[in-house]
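Let's take a look at how a protein holds on to its ligand. Have the structure open while you read.

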Amino acid sequence: MITVVFGFEDSMAAAERLGVLLELPTFQVETRRFPDRECLVRMPAPARTAILYRSLNDPDGKIVELLLAASAARDRGAERVILVAPYLAYMRQDRAFHPGEAVSQRVIGRLIADHFDALLTVDPHLHRIADLSEAVPGIPAISLSAAPLLASLIDRAGHPVIIGPDDESRQWTQSIAAPLGLDMLVASKERSGDRDVSLTLPEADRVRGRPAILVDDIISSGRTLIEAARLLRAAGALSVEALVTHCLATAADLALMRAEGMERISSTDSVNGPTNKACLAPRLSQALQEHGLI
Ligand code: R5P
């Protein structure tokens, strides 16, 4: 038995890109839903090390299928089951912001730690903890940065300004702007609802007549970047584009973002979609090898 990469219907193309680079066989986990919506999961091949590849956008059903797949892989003889989830869900709720709220980061992190031998992900949304292993304790939990990949998409013509839409985006803004020698600005954000944010951008006039490139870890509803694009346009930016690690926006939200003047929206392929411009497979493959996971 050998090491095998397993994808799911939604992640098979990306799993195959990883399998090709690692020169490993890749199979699709078989899943089906019973009339009552319970799922049946079948591992199509044995493996000594099973790499399960799936991003956790739209996570609830996927998490159950992954837990069943990990168990079935062990039943078929797997000694190690590794989760490669380029987008990792439930990392934002790292405390109870209001009395009675579940701390989902802790619950999901422990669930992953209990069922997998290692986790590899990209730019998890961690606010108040420094290290992913605090959220996913007891197993190697490796977090990669997509910043170098996003930086490689930047056209430096016209001296663009790199803009972070909120303080949490500063880490990506800095690690993209600094090596390229580009100017950067970081806005302040206040969120009053899922689709209700307001931004202020000190020194916004520095973008006048120059391309503005917004950088963030994730587009969810798109409201953060829409508000940022409005500020930048009002400040006289020549053009506005967005570069993110994970794009979870719906087609309707993407259309709204374009209508608000975002000429180009680019993301990694962590979540399938029309904004995918940077392939994570080489970085994931390198990390699996460097960390001795395969
Ligand atoms: C917030 O801290 C994140 O970095 C993103 O800015 C945010 O999650 C984007 O969400 P939305 O697209 O719904 O504004």
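Start with Lys189: one of its polar side-chain atoms sits 3.1 Å from an oxygen atom of the ligand. And how much of the ligand does the protein cover? On its own the ligand would expose 380 Å², and the protein buries 95% of that. Keep in mind that this is a predicted model.

Lys189 has company. Here are the side chains with a polar atom by a ligand oxygen:

| Residue | Distance from a polar side-chain atom to a ligand oxygen |
|---|---|
| Glu168 | 2.6 Å |
| Lys189 | 3.1 Å |
| His125 | 3.4 Å |

Now zoom out a bit. The ligand is surrounded by 16 residues, and Glu168 is among the closest, along with Asp216, Asp217, Ser221 and Thr224. What kinds of residues make up this shell: nonpolar, polar or charged? Eight of them are charged, six are polar and two are nonpolar.

Which parts of the chain do they come from? Three elements supply at least two shell residues each: strand S11 (188-193), strand S13 (211-219) and helix H7 (223-234). Of the contributors, S13 gives the most, with four residues.

You can also think in terms of domains. Domain 1 (3-145 + 279-290) and domain 2 (147-269) each provide at least three residues of the shell, and both therefore have a share in surrounding the ligand.

One last thing to find on your screen is the pocket itself. The space that the ligand takes up is the largest pocket.

Conventions
Residues are numbered from 1 along each chain as its sequence is written. This is a predicted model: local features need pLDDT of at least 70, side-chain atom pairs count only at pLDDT 80 or more; totals for chains, interfaces and linings use all residues. Side-chain values use heavy atoms; hydrogens and water are left out. A residue is near a molecule or strand if one of its heavy atoms lies within 4 Å of it. A polar contact is a pair of N or O atoms within 3.5 Å; within protein, one must be able to donate a hydrogen and the other to accept it, and residues adjacent in sequence count only if both atoms are side-chain atoms. Accessible areas come from the Shrake-Rupley method with a 1.4 Å probe; for residues, only the protein chains shown count as cover. On a 1 Å grid over the protein atoms alone, a cavity is a set of points where a 1.4 Å probe fits but cannot get out, and a pocket is an open set with protein on both sides within 12 Å along at least five of seven lines; lining residues have an atom within 4 Å of a point. A molecule sits in a cavity or pocket if more than half of its atoms lie within 2 Å of its grid points. Ala, Val, Leu, Ile, Met, Phe, Trp, Tyr, Cys and Pro count as nonpolar, Asp, Glu, Lys and Arg as charged, and the others, Gly among them, as polar.
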